[in-house]
Each structure stands twice: as C-alpha cells, then as structure tokens.
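Open the structure in your viewer and keep the selection tool at hand. We will go stop by stop.

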Amino acid sequence: LTQQSAAFYLPGIAPHDYKMGDKVDLLVNSLTPSLNADNKLESVLSYNYYDERFHFCRPVDGPKAAHESLGSILFGDRIYGSAFQLNMLEDRSCQVLCTQTIPGSDAPFINDKIMKGYNYNWLIDGLPAATLKVEDRTERQFYSIGFGLGSEALGQEVPHFHNHYDITVQYHTVDEVHHRVVGVLVNPQSKNSKYDKDAPTLSCDAKEPMNLTPKSDNEVVFTYSVKWEKSDKSWATRWDQYLQAVDPKIHWFSLINSAVIVMFLSAMLGLILMRALHKDIARYNADDSEDLQEDFGWKLVHGDVFRPPQSFQYLSVILGSGYQLFWMVLTTLLIALLGFLSPSSRGSLTTAMLLLYIIYGFSAGYNSAH
C-alpha cells in the first residue's frame with residue numbers, strides 16, 4: 001500500500017516553469033551608484049530607469065509598474081516593464097531595441113553618472129542581472145549584481161556609454177517540456193552603430209565606442225543579443241552563485257579577532273574584580289571588631305541597588321523598546337530559518353521586520369508599565 005502525501009510551496013517562492021517560446025519578462029529597476037574607477041562612492045542617490053534625462057527605450061504601451069512590497073519600496077526599488085523581447089530557448093542576435101536622440105544638454109548628466117559608477121539593475125524571473133567578475137586574491141569567479149551604465153578608463157576625458165547588451169540566460173530543464181531560469185549574465189558594450197531602416201539587418205560589429213558629446217545631439221542605437229545557456233544548477237540552488245562570499249577567510253579572521261579581544265578584556269576585568277574582592281574579604285576576616293561596624297568596599301553597593309534611578313520613566317521606556325526589538329529579531333530569525341523570507345521576494349525581510357515591530361508594540365507597553 002502506498003501512503004498519500006501532500007506538499008506545498010512556501011508563499012512567494014514557487015518556481016515558474018516556461019515552455020519553449022514562452023515570453024520571459026525582463027524588468028528594469030532604479031539606477032544605483034557603486035564604486036567608481038577610483039574605488040570611491042561619490043553618490044547615494046538612485047534614479048528612476050525611465051528618467052527623461054537618460055532617454056532609455058520605452059515599451060510601446062508605456063512602462064507599467066510591477067507589484068512591489070513595502071520593504072522593496074522603502075529600499076528605493078522602482079520596478080517597471082521593459083521593451084526587451086525574450087522568449088524561452090530563442091536566441092536573438094543584434095536586435096534593435098530603439099533609436100534615441102540624446103540632446104547635448106543631457107549628455108553631461110549621463111556622463112557624470114557614468115563617472116560616478118552608476119549601475120543598471122535588471123530582473124529576469126526574480127533573478128538580478130549580474131556580471132561575471134574575478135576576485136583578485138583568490139582568482140575565483142563570482143556574480144556581481146548589476147552592470148555599469150558606461151565605462152571610464154584612467155585618463156579618459158569622455159566616458160563610453162553602454163548601448164549594447166549581450167544577455168546570457170542560464171536555464172535548467174525540468175523535463176522535456178518545462179524549463180526554469182537559474183542565472184542571468186549581462187555583458188554591456190559601447191558601440192557607435194549606425195541604423196539604416198532600409199537595410200535588412202543591423203551589424204553590431206562597430207568597434208568605435210559610443211561617446212556622448214554636449215556640443216551637439218547624439219544619435220544612439222540601443223541593441224541587444226540574447227543567448228540561452230543550459231545549466232546543471234537546479235532552481236533551488238540558483239541564488240548560491242549570487243550570495244556566496246568572495247573571500248570567506250576574511251570573515252573567519254574577523255570572528256577570531258573579535259573573540260580574542262572579548263576574552264582578553266573579560267579576563268582583565270575578572271582579575272581586577274578578584275583583586276578588589278580579595279582585599280575586602282581579607283579585611284572582613286580580620287579580628288578587628290571596630291572595622292566590622294562600618295560597611296566598606298563592595299558592601300557599599302547594597303545601598304544603591306534598591307535606590308530608584310533618576311529619570312526612571314525614560315529607563316522604563318528604553319527597557320520596553322528593548323523587549324520589542326528582541327522579540328522582533330527573534331521572530332524574524334525563526335521565520336527566515338523556516339524559509340519564508342526568500343531572496344526572490346524583494347523587500348520581504350524589511351516588510352516582515354516592520355510588521356513584527358508594530359505587532360510587538362504590546363510587549364513594549366506591558367514591560368514598560370511593569
């Protein structure tokens with residue numbers, strides 16, 4: 001006899017199966033700053049992808065906002081649909097996205113954001129588009145989320161604007177019909193391509209980079225290519241390549257260093273207290289009865305233990321807030337251990353923490369009152 005069993009997916013993390021030819025949406029997020037060529041962070045502001053000053057290609061029926069959680073919005077996500085056309089297992093080569101005329105007045109704005117290290121942030125099936133980089137010390141490859149708006153070499157006066165995107169989508173085959181997205185890589189390039197509407201095809205072999213000059217209008221042709229690459233990685237482990245530590249030895253060194261410092265300071269404090277208590281105990285064990293009539297040393301503390309502190313109302317409020325934060329953190333960790341907070345659901349961690357903080361407000365009031 002076979003036993004019946006039932007299974008379910010946790011909310012928000014069910015896999016999406018695609019058939020050959022199914023449309024795969026590419027979503028665009030805000031442009032965010034990162035380290036520039038000098039390894040410095042020069043800005044903290046993010047910009048909407050469809051900011052009119054960037055002149056990016058828009059869908060025919062206009063950009064439509066995607067559903068976002070409260071935590072995602074608070075962290076600055078502004079996710080919209082795009083004009084990219086991706087279909088499962090259908091490669092595309094040098095497809096024209098659109099042509100745009102970027103006026104010279106907007107060129108300094110875009111060039112400034114390139115020099116400040118701003119990045120594109122795209123999403124395909126909940127996975128962020130990344131670039132493949134190599135760690136200098138370990139020479140290991142890792143996925144770096146996002147890719148540059150442009151490139152800037154040392155000593156280069158005008159940066160290159162990335163207007164061609166080689167998109168590689170890694171997929172895992174579940175069965176003969178269904179497939180799942182398990183990785184997204186983008187290799188951006190700067191190409192000063194010339195688009196002729198009468199020509200049957202467009203060549204993306206232009207070697208001249210796309211530079212935006214403020215002296216005149218700039219004709220920019222946005223192009224992209226799509227390549228589908230089969231992968232042995234399963235859907236359950238697709239986030240490992242994004243979340244793995246670049247150099248785990250650094251983390252171990254920090255933990256050991258912190259533990260040694262804490263143990264050393266604790267030992268020093270213990271020695272000081274033992275010396276002070278040893279002197280007091282030796283004095284109490286002496287036969288001098290006159291000295292025993294007066295309290296001294298550590299016994300003087302008993303007069304302060306039961307004395308009400310100054311501003312005890314503020315102390316009670318701080319104590320209640322501490323209980324509220326403690327239960328919020330503990331519950332959040334338990335929910336995360338159960339797998340409900342998946343990285344596929346953007347902002348779920350922040351949303352859970354905010355809701356739990358509000359819910360545990362009763363704990364703050366109860367403990368403050370007592």
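Select Val-28 and Trp-122. Trp-122, in β4, is the bridge partner of Val-28. Keep in mind that the model on your screen is predicted.

Now show both strands in full. Select 26-28 for β1 and 122-124 for β4. Three bridges join β1 and β4, and the pairing is antiparallel.

Add 127-128, which is β5. You now have an open sheet of three strands, in the order β1-β4-β5, with antiparallel pairing. Which are the edge strands? They are β1 and β5, as each pairs on one side only.

**Into the core**

Keep Trp-122 selected. Add Leu-149, Phe-161, Tyr-165 and Ile-167. These five residues have the most contacts inside the largest nonpolar core, which has 50 residues. In soluble globular proteins, nonpolar side chains tend to be buried together.

Next, colour the elements that give two or more residues to this core. Among them are β1, β4, α2 (107-115) and β2 (92-102). Also colour β11 (164-173), β12 (179-189) and β13 (218-230). Which element gives the most to this core? Colour β13 brightly: β13 gives five residues.

Zoom in on Ile-167. Leave aside its neighbours within four places in sequence, and look at what else touches it. Leu-26, Phe-84, Trp-122 and Ile-124 are among the residues in contact with Ile-167. So are Leu-185 and Val-186. Finish with the run Tyr-224, Ser-225, Val-226 and Lys-227, also in contact with Ile-167.

**The largest pocket**

Switch to a surface view. The largest pocket has a volume of about 920 Å³. Select Asp-25, Leu-27, Ala-66, Asp-125 and Gly-126: of the 35 lining residues, these are the closest to the pocket's centre. Two elements from the start of the tour return here, as β1 and β4 each give two or more residues to the lining. Colour the lining by class, and you get 16 nonpolar, 11 polar and eight charged residues.

**The second largest pocket**

Move on to the second largest pocket, with about 470 Å³ of space. Which of its 21 lining residues are the closest to its centre? Select Leu-35, Asn-119, Lys-133, Gly-148 and Gly-150.

Now colour the strands that give two or more residues to this lining: β6 (130-134), β7 (141-145), β8 (147-148) and β9 (150-151). By class, the lining of the second largest pocket has eight nonpolar, 11 polar and two charged residues.

Methods: Residues are numbered from 1 along each chain as its sequence is written. This is a predicted model: local features need pLDDT of at least 70, side-chain atom pairs count only at pLDDT 80 or more; totals for chains, interfaces and linings use all residues. Side-chain values use heavy atoms; hydrogens and water are left out. On a 1 Å grid over the protein atoms alone, a cavity is a set of points where a 1.4 Å probe fits but cannot get out, and a pocket is an open set with protein on both sides within 12 Å along at least five of seven lines; lining residues have an atom within 4 Å of a point. Grid points are joined across faces, edges and corners, and a volume is the space filled by probe spheres set on the points. Helices (H or I, at least four residues) and strands (E, at least two) are DSSP runs, numbered from the N terminus. Ala, Val, Leu, Ile, Met, Phe, Trp, Tyr, Cys and Pro count as nonpolar, Asp, Glu, Lys and Arg as charged, and the others, Gly among them, as polar. Two strands pair if DSSP finds at least two bridges between them. A nonpolar core is a set of buried Ala, Val, Leu, Ile, Met, Phe, Trp, Tyr and Cys residues joined through side-chain atoms within 4.5 Å. Buried means under 20% relative accessible area, exposed over 50%, partly exposed in between (1.4 Å probe, protein chains only). Contact means heavy atoms within 4.5 Å.
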